[in-house]
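Reader: Before we examine individual features, please show me the model. I shall then ask about particular positions.

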Amino acid sequence: MTSNRPTSDRWYSYLPWIRLRRIEIRHRLIAAFILVSLFPLLVSGYIAFVDSVNAIETKTRVFSTEVVKQVAKNIHLRMAQIDNESASLIYATPVQKALTAYATEQEAERSAARRALTQALLEHYGAVSHINQKYFLDTHHQVVDMQAFAELTRGVAHFIDHADATSSKPQWGSYDNGVGQENIGMVRTIINKNNNEVIGAIFLAINPAHFSAIFDNVDLGGDASIFVMDANSGKIIVYTPGVPQNNLDTLQSTTPMLSVIKNDLHRGTDNGFINFSDPHREQYLASFATIPGTSWLVVNTIPKRRLIAEIQTVRNKLVLIGVLCFLFAIALGMVIAHSISSPLRALMRKIEAFGNQVNPTASPMQRRALRRAEGNDELSRLTQSFVVMNDIVHQKIAQINDINATLEQKIIERTAALAASEQESRTLIENSPDTIVRYDLQCRRIFINATFDALTSDGVHSLLGTKPSELPGGANWDMYEQKIVDVIKTGRKGFFELRWTSKNGHDLCSDIRLIPEFDTEGKIVSVMSVGRDITELNLSRAELSAVNVQLAEMNATLESLATHDSLTQLPNRRLLLDRLRRAMPASDRHGRYGAVMFIDLDHFKTINDTLGHDMGDELLIEVAHRLQACVRDIDTVARIGGDEFIVMLENLSDIPFEAASQTEIVGKKILQVLMQPFHLLSDHYHISASIGITLFRGTGKSAEDVLREGDIAMYDVKKSGRNALRFFDANAYGATHAQGILY
């Protein structure tokens, strides 16, 4: 094959041969004119633009950095002023005494301490407009002073809880005020001057405007923004009042900037100058300075577009000049290119005509004859190149044929692999522990795996071509067939449990999954059924259900033992107290009285010791029955131990005297019922009872106090001779019982 390299041995003659010979000559000429005219202009303009931008950025860096450092100092001075004011307050003797007194458990001293602390806050900060909130806190960070009528907001509470309770230095930070805005807070631990122990803390919420006023004397231009940001949360806590609306988005998009600033802070610097892009990919320059003792940063952001606005004007002029030069170069290049390319195009047409007539399999002798016919100039060599390219095309065709043969061999190998994979899948299906059956659209079996053979009497071949309703048939198999029909109609999977009988007569249960199978066009062609034996699982479920029933019965028994007396099955003391605690607020809501009757059996110990505990238990059971017969369904009869019973009456009159009369009627009825003879061991025995009564309405007393009053009244009856009832009189108790009612 003839080499097409240039005959010149100069180095630059080889460079354009790699790529430029693939482009037509007229296009290369036009491009050359454009490059010659535009390249010097573009290079010089770019260098001037970069130098100008760098110079402006350098000046901006110096000025902006000094501004934020000065602003940071001014903010720190204001913070120090607030720190000093708080120090003069917390170390004042009245505040120290009040916080020390508040730590005592005497409520009178604590109330006086709260008043003193509230007065101290109002006197110290009452005329300070930039202090929004002010609280004294105890050692548990709970509000002490009486000016706080509501709970602290979540943001304030979170800020206070994370403060270091062991440090006496002021701790500054920001918190969310609950409506999405950041507030500034200061917490300072208060130390007792006498023993250096922590006795409380003070919290101040400072209006951000107190610090933003510092920005009023800072003029950075229309689009620049200066603000204070918390480096931990990334939120802006102080910014210039009246900042333009188009800058607010920048103030709220500090995450890209903060990540760059934190890299500088990790290197130990307290100020710097960075470049960053906002979420809209706009370039910004930013200077920052830290505020000592806090995680706050004073940040000044300047859009880069504002710095290079004047330079962009010059750049636009250069672009305009470049466009004019570009248009002129195109026009001139087209004229010159046309004058050169016109005869070349005529020659190329002639070359193409010769190339079509040459046999691709022409011998080298024929190619030499072609060169002699065309001559030995550049155009002849170009014609020869086309002939060689034609030979290369045929070589490529031969290579493609070889590739096709290789592909055919790969197809054969892939087919064999698919056959092996199919055999492996069939082996897995045949040996699967699950039953696998495929049904056609008429619900007839077209495939059954070997697992199903162990479950049938005549083998799987007897089932091929049959429907479930035909073989084995029955209600369950009719339902099975209907499920298959539903899958064919809807194209959705089906799940259900099938109960059936095996060839050995065993009752089985299978979990059936019906899966629709589709062709390439998305139409259902068959349904596959996969069944898994869950007979043992169902048996386990039944056993578990029986255990759960037994457990529920045991829980009910335990609950009854916990709330009822085991002998009489009456409510015990625990259940009585629970009902009494609910009845007391209910009586307050309804305005009606309730009553508690404390009943003690007279001389029960004698009967119990004489006849034995079994007879004593029989007597107590009969007493319980008689007491229940004396009251309404809404009332409660309880046994609280031994021979002591309590009757609680509810929903009595709203007039005390009438309520007492109603209770008296019930009490007399109980006395009469208990005086009737008890039949024990073929004999009759008589007992009496001592009843103490107290009325209740509302929750002014506890349930235990009500029972105690009934117990006191009952013991008064015991002392007075038994077999009577007495009302508890709070005025007479402790002095005389003359005002009590004794029957």
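Reader: Between which two strands does the loop with Ser682 lie?

Author: This is a predicted model, in which local features need pLDDT of at least 70 and side-chain atom pairs count only at pLDDT 80 or more, while totals for chains, interfaces and linings use all residues. Residues are numbered from 1 along each chain as its sequence is written, and side-chain values use heavy atoms, with hydrogens and water left out. Helices (H or I, at least four residues) and strands (E, at least two) are DSSP runs, numbered from the N terminus. On that numbering, the loop with Ser682 lies between strand 18 (678-680) and strand 19 (683-685).

Reader: Does Ser682 count as buried or exposed?

Author: Buried means under 20% relative accessible area, exposed over 50%, and partly exposed in between (1.4 Å probe, protein chains only). The relative accessibility of Ser682 is 69%, so this residue counts as exposed.

Reader: What is the sign of phi at Gln569?

Author: Gln569 is placed in the loop that joins helix 14 (535-563) and helix 15 (573-590). Its relative accessible area of 49% makes Gln569 partly exposed. Most residues other than glycine have a negative phi. At Gln569, phi is near 60 degrees, and its sign is positive.

Reader: Which residues does Asp533 touch, not counting those up to four places away in sequence?

Author: Asp533 belongs to strand 14 (residues 524-533) and is exposed, with a relative accessible area of 52%. Its C-alpha atom is separated by 6.5 Å from that of Asp511, 22 residues apart along the chain. With contact taken as heavy atoms within 4.5 Å, Asp533 touches Leu508, Cys509 and Ser510.

Reader: What share of the contacts with a separation of 6 or more comes from residues 24 or more positions apart?

Author: The protein has 19 helices and 21 strands, and 38% of its 743 residues are buried. Of the contacts with a separation of 6 or more, the share from residues 24 or more positions apart is 57%.

Reader: How do the residues of the contact of helix 16 with helix 17 divide?

Author: Helix 16 (residues 604-611) packs against helix 17 (residues 613-629) at about 135 degrees, with the axes 6 Å apart; axes are lines fitted to C-alpha atoms, for helices over the stretch in contact, and angles run from 0 to 180 degrees between N-to-C directions. Helix 16 is therefore oblique to helix 17, given that angles under 35 degrees count as roughly parallel, over 145 as roughly antiparallel, 65 to 115 as roughly perpendicular and the rest as oblique. Phe604, Ile607, Asn608 and Leu611 of helix 16 meet His613, Met615, Gly616, Leu619 and Leu620 of helix 17. With Ala, Val, Leu, Ile, Met, Phe, Trp, Tyr, Cys and Pro counted as nonpolar, Asp, Glu, Lys and Arg as charged, and the others, Gly among them, as polar, the contact divides into six nonpolar, three polar and no charged.

Reader: By how many degrees does the open sheet of five strands twist on average from one strand to the next?

Author: Two strands pair if DSSP finds at least two bridges between them. The open sheet has five strands in the order 6-5-9-8-7, paired antiparallel. Strand 6 (236-239) and strand 7 (271-277) are its edge strands, each pairing on one side only. From one strand to the next, the twist averages 30 degrees.

Reader: In what manner are the rings of Tyr175 and Phe203 paired?

Author: Rings of Phe, Tyr and Trp (its six-membered ring) pair if their centres lie within 6.5 Å; planes under 30 degrees apart count as stacked, over 60 as edge-to-face and the rest as tilted. The structure holds seven aromatic pairs. For Tyr175 and Phe203, the ring centres are 6.0 Å apart and the planes stand at 55 degrees, so the pair is tilted.

Reader: Which residue stands opposite Ile599 in strand 20?

Author: Eight of the nine residues of strand 20 (residues 688-696) are buried, so this strand is largely enclosed by the rest of the structure. Strand 20 pairs antiparallel with strand 15 (residues 594-602) over nine bridges, and four bridges join it in parallel to strand 21 (residues 724-727). Opposite Ile599, in strand 20, stands Ile691.
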